[in-house]
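Biologist: Hi! I'm new to this one, could you pull it up and walk me through it?
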Amino acid sequence: LRGPVRRGPKGHSVTILWRCYVAKYRMGLASTDALIRALHDNPYLAQVCGISEPAAIPHKSTFSRFFAKLSKRVYLTQVKNVSRSLVRRSYEILPGFGQRVAMDSTTIQAWSNGGKTSKSDPDAGWSVKRSTNGRMKAVYGYKVHLLVDCEYELPIAANISAGNVHDAKRASNLLSEARHAYSHFRPKFVIADKGYSGQPLADLIRDQYWAKPIIDINPAHKKLAHKTAHKRAKTEWKVIYNQRGAVERVNSRLKGQRALDHVTVRHGNSNSVAAT
């Protein structure tokens with residue numbers, strides 16, 4: 001991230017900019033302006049980020065260029081490797097980590113009008129989901145697909161898609177990313193709701209990951225529903241399935257406490273959104 005050595009002013013330290021970037025999302029700050037205000041108002045936060053005096057706080061344009069740099073494909077893998085290293089560390093220090101995992105998606109609204117014929121963010125798509133009040137809600141934007149450990153409620157893998165991509169189509173990507181992060185990824189149970197209903201995914205989980213699929217069945221899949229009815233009726237199955245709430249709580253915290261609802265990438269492909 002430091003780039004080539006050059007003459008002239010060195011500019012702001014990449015280490016400082018990275019620490020500020022982490023602080024912004026750790027504190028759930030909605031914008032770069034909010035980050036700058038926090039650095040001015042809280043000298044202890046500035047010191048942790050490596051800033052010794054108010055005059056040394058980077059300008060908004062400096063932060064913007066750095067955040068945009070992180071979304072470039074050449075750096076995207078490096079950013080992902082930070083997450084992957086944390087996943088591997090979790091396997092090392094947390095007993096039972098990754099034994100029971102759950103997957104689900106949440107939507108991020110695009111900064112674009114999806115109703116216009118010429119959309120300013122054509123990579124986004126319409127997502128229709130039932131809200132907490134039971135009503136169907138349409139959102140033009142993206143989906144964040146997450147695979148989460150149910151015991152510690154920590155993400156293991158993430159994938160970004162347009163809002164109109166069906167959840168089940170990204171399940172294989174999530175599981176593959178989990179194995180890429182930790183080569184010995186082998187959960188006992190993979191838990192998911194009706195959005196992942198289908199025999200192909202259940203077979204994939206059993207055959208390639210040697211895990212038991214605990215997936216609710218879409219009523220439209222009548223043969224599969226009839227075939228698995230006796231399993232889903234068991235108390236043990238219901239107890240394990242109820243642990244799926246872990247991924248919903250993680251999604252809720254990402255939006256409520258980690259500013260996931262304030263991602264402001266436009267004209268972005270899935271890579272730029274993922275890095276943001």
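Biologist: How many disulfides does the structure hold?
Modeller: The count is 0 disulfides. Keep in mind that this is a predicted model.
Biologist: Why does Cys20 have no bond to the closest cysteine sulfur?
Modeller: The closest cysteine sulfur belongs to Cys49, and at 4.0 Å from the sulfur of Cys20 it is too far for a bond. A disulfide needs the two sulfur atoms within 2.5 Å.
Biologist: And is Cys20 buried or exposed?
Modeller: Buried, as its relative accessible area is 0%. Cys150 counts as buried too, with 9% relative accessibility.
Biologist: Okay, helices now. Which helix α4 residues does α1 meet?
Modeller: Thr62, Phe63, Phe66, Phe67 and Leu70 in α4. On the α1 side, the residues are Val14, Leu17, Trp18, Cys20, Tyr21 and Lys24. By class, that contact has 9 nonpolar, 1 polar and 1 charged residues.
Biologist: How do the axes of α1 and α4 cross?
Modeller: They cross at roughly 85° and come within 11 Å, so the two helices, α1 and α4, are roughly perpendicular to each other.
Biologist: Switching topic: which residues are buried in helix α6?
Modeller: In α6, which spans residues 171-181, the buried ones are Ala171, Leu174, Leu175, Glu177, Ala178 and Ala181. They sit on the same side of α6, because they cover an arc of only 160° around the axis.
Biologist: What covers the buried residues of α6?
Modeller: The cover includes the helices α5 (73-93) and α7 (199-209), along with the strands β1 (100-109), β3 (136-149), β4 (154-162) and β5 (189-192).

Notes:
Residues numbered from 1 in each chain as written. Predicted model: local features only at pLDDT ≥ 70, side-chain atom pairs only at ≥ 80, totals over all residues. Heavy atoms only, no water. Buried < 20%, exposed > 50% of the residue type's maximum accessible area, 1.4 Å probe, protein only. Helix = DSSP H or I, 4+ residues; strand = E, 2+ residues; numbered from the N terminus. Arc of directions from axis to C-beta. Contact = heavy atoms within 4.5 Å. Axes fitted to C-alpha atoms, helices over the stretch in contact; angles between N-to-C directions. Parallel < 35°, antiparallel > 145°, perpendicular 65-115°, else oblique. Nonpolar A, V, L, I, M, F, W, Y, C, P; charged D, E, K, R; others polar.
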